[in-house]
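Visitor: I am new to this structure and would like a close look at a single part of it. Could you take me to the place where the ligand sits, and then lead me outward from there?

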Amino acid sequence: MPEITSYRTINPKINMEIKEHAVSYENSEDQQSPLVSELWAIRGKCDELTVNKMAENANLPLKWLGKFPGINGDKGINKLKAERNVLLLRNRTSPFIEQFQHPIGRCAKFYKLTAYNSCNFWCEYCYLYLTFRNMPVSTHFVNYEKLFRELIKFDNQNIPERLRILNLGELCDPLALESVTGFAKELITFVAKETKETKLLFLTKSDDIGSLLNLDHGGKSIISFSINTDKIYQQLEHRTASPESRLIAARELQNAGYEVRLRIDPVILYSTWSKDYTALIEKIFAYVRPSRITIGEYRPSKGLASHISSRFPNSSLLKINAALIKEGAKLKYPEKYRLAMFHTIINAIRTRDKRVKIALCKEESKIWKTLNIPMNGLYCNCLR
Ligand code: SF4
């Protein structure tokens with residue numbers, strides 16, 4: 001691992017301010033209240049029996065709508081509540097399974113399975129505010145028979161081994177509402193019984209995993225936890241499970257025979273980042289032995305800032321965006337900062353575990369090379 005000497009102090013403009021009394025929802029009523037207070041469904045766009053059963057099982061009120069809900073005119077917390085404290089249930093008409101295509105080829109063409117659009121957590125950096133700007137209400141697709149037919153077809157397709165995995169975390173957190181929908185339980189069981197070659201990948205910040213522990217999963221489902229420092233969690237990842245709760249959930253799943261992976265993403269620079277990310281690595285290995293760790297920097301799309309500010313007008317993220325550099329449609333940390341943070345985290349991982357597979361998310365090959373991470377084999381989060 002090369003020594004990175006050019007990095008001394010963080011440019012104040014790029015150093016995210018940590019608020020002593022952060023806009024933290026950690027102990028507030030909003031943090032403690034259920035993620036979803038009401039289910040919505042659109043008449044004629046889903047099977048009424050399925051939807052009624054889901055509402056009954058979840059013990060939630062169900063409201064029938066005549067048309068799709070559009071953009072709401074609210075701001076701040078009220079906007080978040082209008083979009084993310086409800087769950088819209090409807091059928092998916094487009095394919096559930098599609099191949100991902102990175103706009104500038106900085107990622108493998110993995111397959112994604114879209115069971116939800118958007119999320120019920122409130123991370124300040126969430127790119128889904130931009131992705132679903134015209135249809136911001138969190139949605140779950142309930143026509144599982146169509147999905148199961150597509151799954152069987154996918155399983156029989158002739159594709160390379162490392163792409164035989166379906167990523168459920170590209171457009172949602174697939175376990176955030178498991179106790180409401182019971183979807184993961186049904187899917188994991190189906191894949192274990194009915195497919196030969198397919199694996200599932202759940203990327204999550206949830207600890208709602210109780211119903212998965214006693215399933216006959218057949219080793220075909222991988223649970224990948226996205227994890228960050230306590231400060232990032234408190235300031236930016238509202239209504240998610242705490243990093244410690246995620247690690248406890250990871251340990252329980254590992255004990256139940258699931259493969260567990262981790263993503264440290266987004267890595268964000270702030271005054272005590274180096275100490276905090278090193279401590280995070282220590283904490284990880286006190287709980288779990290991940291098979292892979294994938295690291296990614298904070299890399300917002302240029303258009304995301306206005307969507308953050310309409311929900312979190314005082315977000316510290318808004319101040320650092322101006323000091324990031326442009327790359328295609330994204331903003332990134334200048335290379336020396338990226339190298340410094342990846343180097344620190346990789347070093348801490350290697351001190352604890354020499355063999356765990358490490359990857360970088362959507363980084364240029366020269367960054368992989370400088371950090372001595374082999375690219376052949378590509379063991380990143382979204383591949384088998
Ligand atoms: S958990 Fe992921 S999808 Fe959900 S709000 Fe946070 S960043 Fe967005």
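**Around the ligand**

Guide: In this predicted model, the ligand is surrounded by Cys-119, Phe-121, Cys-123, Cys-126, Leu-128, Cys-172, Asp-173, Lys-205 and Thr-240. Sorted by class, this shell holds six nonpolar residues, one polar residue and two charged ones.

Turning from the ligand to the nonpolar interior, we come to the largest nonpolar core, which has 102 residues, and among these Leu-89, Leu-200, Leu-201 and Ile-345 touch the most other members. The element that gives the most to this core is helix α13, residues 335-352, with six residues. If we pause at Leu-201 and set aside its neighbours within four places in sequence, we find Leu-201 in contact with Ile-165, Leu-166, Asn-167, Leu-168 and Gly-169, and also with Ile-222, Ser-224 and Cys-382.

From there we can go on to the strands, beginning with strand β11, residues 221-227, which runs parallel to β13 and is joined to β13 by six bridges; one of the pairings sets Ser-226 opposite its bridge partner Arg-263 in β13. Strand β13 itself, residues 259-267, is mostly covered, with eight of its nine residues buried. Strand β13 is also joined by four bridges to strand β14, residues 292-297, and these two strands run parallel as well, with Ile-293 in β14 as the bridge partner of Leu-262. Between β13 and β14 the chain passes through helix α10, residues 273-287, making a β-α-β crossover that is right-handed.

How values were computed:
Residues numbered from 1 in each chain as written. Predicted model: local features only at pLDDT ≥ 70, side-chain atom pairs only at ≥ 80, totals over all residues. Core = buried A, V, L, I, M, F, W, Y, C linked by C-beta atoms within 7 Å. Buried ≥ 20, exposed ≤ 12 C-beta atoms within 10 Å, placed from the backbone. Contact = placed C-beta atoms within 7 Å. Near = placed C-beta within 6 Å. Nonpolar A, V, L, I, M, F, W, Y, C, P; charged D, E, K, R; others polar. Pairing = 2+ DSSP bridges. Right-handed = clockwise from strand over helix to strand, strands pointing away.
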